[in-house]
Number of protein chains: 2
Amino acid sequence: MSDLLERLRGRGWRMTSQRRVVAEVLDGEHVHLTADEVHARAVRLLPEISRATVYNALGELVLLGEVAEVSTDGRAKRYDPNARHPHQHLVCSGCGLIRDVHPSGDPLSHLPPGERFGFTLSGVEVTYRGLCPSCV
Amino acid sequence: MSDLLERLRGRGWRMTSQRRVVAEVLDGEHVHLTADEVHARAVRLLPEISRATVYNALGELVLLGEVAEVSTDGRAKRYDPNARHPHQHLVCSGCGLIRDVHPSGDPLSHLPPGERFGFTLSGVEVTYRGLCPSCV
DNA sequence: TCTTGACTTGGATTGCGTCCATCGTAGGAT
DNA sequence: ATCCTACGATGGACGCAATCCAAGTCAAGA
């Protein structure tokens with residue numbers, strides 16, 4: 001377990017048993033869970049936790065920058081606990097498998113000044129698509 | 001008006017009055033409409049057209065490669081009639097404005113071999129985020 | 001220990017999209 | 001020009017993901 005809980009406490013996040021289990025579910029994981037999957041795992045640790053609470057906690061973790069929202073398939077959003085380490089995603093068009101990847105260079109730098117239209121850039125999301133080895 | 005209707009006919013797309021108005025709505029536009037917005041505009045040209053038909057036609061245009069699906073906000077998908085010209089998107093975090101942009105170089109080439117995990121890459125989507133001039 | 005404002009609950013509600021049985025029609029065949 | 005029939009359109013029901021809300025509960029500072 002990392003120091004996610006410590007960081008949250010230190011930032012004044014009011015700690016409840018529900019928020020603790022949501023954070024714990026995400027902390028150990030290196031996968032990309034949907035809100036329902038997070039809820040299912042949280043229920044194992046705290047049977048009475050509600051869906052709404054899981055949504056609330058996830059939304060706050062996103063605002064705090066501890067978790068990233070990933071929507072790669074137009075269906076349920078997924079939650080990526082690796083938000084503190086910048087990365088992009090590689091998604092299998094066959095089975096939906098998601099891998100964290102690290103492109104070379106800074107993706108932001110590839111948008112020429114003439115293509116910025118006066119915007120103040122704050123970030124960039126890159127989704128590579130393809131077929132994983134199992135899907136040929 | 002471009003030759004979208006001609007291309008569709010040439011590819012054996014059965015032409016109905018409903019499909020024609022959906023194609024016409026998209027053809028003149030350089031914006032990124034939701035399915036509901038496409039339906040609203042189609043209704044002006046053909047009052048009795050149904051939402052299901054608009055969804056069907058949009059789905060087929062996507063499969064034909066004439067229109068691209070864009071989901072930049074986790075809400076309704078948007079339909080981009082500029083699919084035949086490769087491009088990426090720049091999205092304003094304030095007002096949701098979407099602009100087509102053209103990064104330098106091929107985004108696919110920025111994923112090193114060691115980060116491809118045996119995938120056969122087929123494409124990449126890049127979404128730049130920032131604030132447009134109106135949103136400061 | 002007390003107090004209070006923040007958090008949780010779960011059922012209702014919304015938003016977006018899909019499904020399906022039935023009706024209508026485009027376009028080839030005659 | 002007319003007929004056929006397979007493909008498309010219809011719209012209401014349905015499903016999933018997510019949010020809302022009013023009432024109950026509780027963490028943490030005083």
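This short talk covers the protein surface around two DNA strands and then one pocket in chain B of the structure above.

Please keep in mind throughout that this is a predicted model.

Let me begin with DNA strand D, which has 16 residues around it, and of these A:R14, B:R14, B:T16, B:Q18 and B:T53 come nearest. If we take the atoms of strand D that come within 4 Å of the protein, sugar and phosphate account for 77% of them. A base is contacted as well, since the side chain of A:R14 places an N or O atom 2.7 Å from a base nitrogen of strand D. The protein backbone also takes part: a backbone N or O atom of A:M15 lies 3.2 Å from a sugar or linking oxygen of strand D, and a backbone N or O atom of B:S50 lies 3.1 Å from one of the phosphate oxygens of that strand.

In terms of secondary structure, at least two residues of the surface near strand D come from each of helix 4 (51–63) of chain A, helix 2 (17–28) of chain B and helix 4 (51–63) of chain B, and the largest share, three residues, belongs to helix 4 of chain B. Sorted by class, this surface has six nonpolar, five polar and five charged residues.

Turning to DNA strand C, we find 18 residues surrounding it, with A:R14, A:T16, A:T53, B:R14 and B:K77 as the closest. Here sugar and phosphate make up 74% of the strand C atoms that come within 4 Å of the protein. Phosphate oxygens of strand C are approached by a polar side-chain atom of A:T16 at 2.6 Å, by a polar side-chain atom of B:Y55 at 2.9 Å, and by a backbone N or O atom of A:S50 at 3.1 Å. The elements giving two or more residues to this surface are helix 2 (17–28) and helix 4 of chain A, together with helix 4 of chain B. Its classes are six nonpolar, five polar and seven charged residues.

Finally, I come to the second largest pocket, whose volume is about 470 Å³. Its lining consists of 24 residues, and B:E29, B:H30, B:D80, B:P81 and B:N82 lie nearest the centre. Helix 1 (4–10), helix 2 and strand 5 (98–101) of chain B each give two or more residues to that lining, the largest share being the three residues from strand 5. Domain 1 (4–80) and domain 2 (88–135) of chain B each contribute at least three residues to the lining, which by class has nine nonpolar, six polar and nine charged residues.

Conventions:
Residues are numbered from 1 along each chain as its sequence is written. Chains are lettered from A and ligands numbered from 1 in the order in which they are written. This is a predicted model: local features need pLDDT of at least 70, side-chain atom pairs count only at pLDDT 80 or more; totals for chains, interfaces and linings use all residues. Side-chain values use heavy atoms; hydrogens and water are left out. A residue is near a molecule or strand if one of its heavy atoms lies within 4 Å of it. A polar contact is a pair of N or O atoms within 3.5 Å; within protein, one must be able to donate a hydrogen and the other to accept it, and residues adjacent in sequence count only if both atoms are side-chain atoms. Helices (H or I, at least four residues) and strands (E, at least two) are DSSP runs, numbered from the N terminus. Ala, Val, Leu, Ile, Met, Phe, Trp, Tyr, Cys and Pro count as nonpolar, Asp, Glu, Lys and Arg as charged, and the others, Gly among them, as polar. On a 1 Å grid over the protein atoms alone, a cavity is a set of points where a 1.4 Å probe fits but cannot get out, and a pocket is an open set with protein on both sides within 12 Å along at least five of seven lines; lining residues have an atom within 4 Å of a point. Grid points are joined across faces, edges and corners, and a volume is the space filled by probe spheres set on the points. Domain bounds come from an automatic or database domain assignment.
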